[in-house]
Amino acid sequence: MTVTVDVTAQLIAQRIASTIDPVFAMIDGWRDAVERAIATEPEPRAATLDPIIAALVAPELERPGSLITGAGFVATPGFLLDAPWHLAWWLSGANTFRAAPDAGLRRLDAVNDPDSEQFRDYTTLEWWRVPERTGTRHLTGPYVDYLCTDDYTVTITTPVMAAGELAGMVGTDLYVARLERVLLPVIRESGHPCSLVNASGRIVTSTDPHRATGALLRLDGLVDALTPLRNAVTETDAAVLPSGATIVPCGDTSLALVLEG
Amino acid sequence: MPQATGRSDATRAVVFSPLDAAGRAELVEQRLTDAIVAGVLRDGERLPSESELARSLGVAVVTAREALESLRDKGLVLTRRGRDGGSFVTHDRDATTRMVDERVRAQSRIELRDLSLHYAAIAGMAAEVAADRASDDDVQSLVEIDERADLTTPGGARRAVGRFQLEIAAVSQSPRLVHEELRLQAETGSLLWLCMREQDYRDRSRQARLEVIEAIRAVEPERARRVTTEHIASAVEWLIEEKVRLEASEPPGASGATGPPGASVAERTEGGAA
């Protein structure tokens, strides 16, 4: 079904996509670099891979004004010879998770021992499960990430392959508060009551002060209209709900603009 | 006498050093004790080294060392020397039971009720908001946490409650509620859910969990909150009954003492004679 959509709305959706696309491009770049690094490595080890990951993510984590607060590589269990479970994840100075005063760029202290009470099997988490199944990039959240950033977060992950097998995920965390600061001025330009939602209909930010970030936008037919965003990776057409609200997908970000009234 | 002057200055410096430093070892010790008793830190688990502990808790190395020594004295930690050495949690069931009983006795009813009220405020609100904000995936993960619950042991049942309540807080989408939930679990979890010693209460905790999931699925925030707070209230009622039982069986400070049976009772009848 093709719907005629306000040109401004289309434009705003594109601008939201173009705010997030550089983050996608950056992660794709990391994926390519990690794939190249492990392709030449018959016996991949954390000891040799970790410095490579650090060198990839550190510049962006330390760049002033960067949107991201955490980034790195998470290995498929058993892929690395010297570390069955492995998170090579770095946090920026802006990340407050268990930060000492004046903390700069630092590595996430992850529990990699499956016998420990604190151990969490990361392959059960959405940011691993979904890209593992679809074989492509996934935007998880907004959600409270109590394992990694300790804050309200969006995580973007993409699979890293080695000889046709899943070697792990590269990814990054963004604070929703920062994302809102960047995206809210953009959606305000629509002149309509307008909300940005994820593929589950959860509000990322809204021009309506009574629509809280994190709440589900409950509109008749919205969940069905968003189904293609949950499944497909290609761009989806706009749709109109029975209430008259228009859903405009933001490029291939899996986010959508909902214009009411 | 320069040395003497120097010494006196150092002593003066201690007198006027920040008071914050005092009692820090006790705070570290209390936090680790709570974590061991609650089963957050498990039997045989290696604790971070003195310097790692000091760094992560933001205290001096001597403070961390002092706290570890007290834990060793209490029999909660064992230190091994050598290549695979370090400090390890020794989760002696009897020692833990004694320690928890002691805490139940030491805390007044007012404190226990206040603690449960504070926790109910956090957990109840989290459940209420979660019922409004849960996606289908969120409901599914709550169902999975419930299915993995081990109700055959008190520790298993307590951990299941902890996991479930933490997920509820996460589903509420509030970082602050998640923080508070984690903090209160570490601080009071072992005490509040002591009723899990009884199979009947473990089964009830499962019933409460299933009803909260139903309320969330049906988007009934009020019901999710009510079931959560009632569950917590029933736990504290059990706890206070247990306190009465403990006090009746062994008056505080009466270990080995053979005074007249009425004496300790009279002591505790506060202002009864006035």
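Before you click anything, one definition: two residues are in contact if their C-beta atoms, placed from the backbone, lie within 7 Å. Another you'll need right away: axes are lines fitted to C-alpha atoms, for helices over the stretch in contact, and angles run from 0 to 180 degrees between N-to-C directions. Helices (H or I, at least four residues) and strands (E, at least two) are DSSP runs, numbered from the N terminus.

What you have open is a predicted model, where local features need pLDDT of at least 70, side-chain atom pairs count only at pLDDT 80 or more, and totals for chains, interfaces and linings use all residues. Residues are numbered from 1 along each chain as its sequence is written, and chains are lettered from A and ligands numbered from 1 in the order in which they are written.

**Stop 1: helix α4 of chain A**

Select residues 176-188 of chain A, which make up helix α4. This helix lies across β7, β8 and β11 (256-259) of chain A, at about 45 degrees to β8(A). Now bring up β4, β5 and β6 (165-175) of chain A: α4(A) lies across these too, running at about 65 degrees to β6(A).

**Stop 2: the five-stranded sheet**

Show the strands in the order β8-β7-β11-β10-β9 of chain A and you have an open, antiparallel sheet of five. Two strands count as paired if DSSP finds at least two bridges between them. At the edges are β8 (203-206) and β9 (239-240) of chain A, each with a single partner strand, so one side of each has no neighbour in the sheet.

Start at β7(A), residues 194-197, which is joined to β8(A) by three antiparallel bridges. Label L196(A) and you'll find T205(A) of β8(A) opposite.

Next, pick β10(A), residues 246-249. Is this strand covered on one face or both? Both: T246(A) and V248(A) on one side, and I247(A) and P249(A) on the other, are all buried. (A residue is buried if 20 or more other C-beta atoms lie within 10 Å of its own, exposed if 12 or fewer, and partly exposed in between, with C-beta atoms placed from the backbone.)

Keep I247(A) selected. Its bridge partner in β9(A) is A239(A), and V258(A) in β11(A) stands opposite I247(A) as well. β10(A) has two antiparallel bridges with β9(A) and four with β11(A).

Follow the turns next. The β9(A)-β10(A) hairpin has five residues between its strands, and G244(A) in the turn has a positive phi of about 100 degrees. In the β10(A)-β11(A) hairpin there are six residues between the strands, and G251(A) has a positive phi near 55 degrees.

**Stop 3: the six-stranded sheet**

Still in chain A, display β3-β2-β1-β6-β5-β4: this is the order of an open sheet of six strands, again with antiparallel pairing. Its edge strands are β3 (106-107) and β4 of chain A; each has a single partner strand, so one side of each lacks a neighbour in the sheet. Zoom in on β2(A), residues 87-91, which is joined to β3(A) by two antiparallel bridges. W90(A) has R107(A) as its bridge partner there.

**Stop 4: where the chains meet**

The contact takes 14 residues from chain A and 13 from chain B. On the chain A side, β4 (138-145) and β5 (151-162) are the elements that give two or more residues. That side has seven nonpolar, three polar and four charged residues. (Ala, Val, Leu, Ile, Met, Phe, Trp, Tyr, Cys and Pro count as nonpolar, Asp, Glu, Lys and Arg as charged, and the others, Gly among them, as polar.) The predictor gives the complex an ipTM of 0.86 and a pTM of 0.80.

**Stop 5: chain B**

Switch to chain B, with its 12 helices and two strands. Try colouring by pLDDT, the predictor's confidence in each residue, from 0 to 100. The mean for chain B is 82, and 82% of its residues reach 70 or more. Among its elements, α10(B) (199-217) has the highest mean, 97, and α12(B) (261-268) the lowest, 41. Residues 1-8 of chain B fall below 50, and beyond near neighbours in sequence this stretch has zero contacts in the model.

Last, select E45(B), in the loop between α2 (24-38) and α3 (50-57) of chain B. Is E45(B) buried or partly exposed? It is partly exposed, because 19 other C-beta atoms lie within 10 Å. E45(B) and S87(B) are 42 residues apart in sequence but 8.5 Å apart in space, C-alpha to C-alpha.
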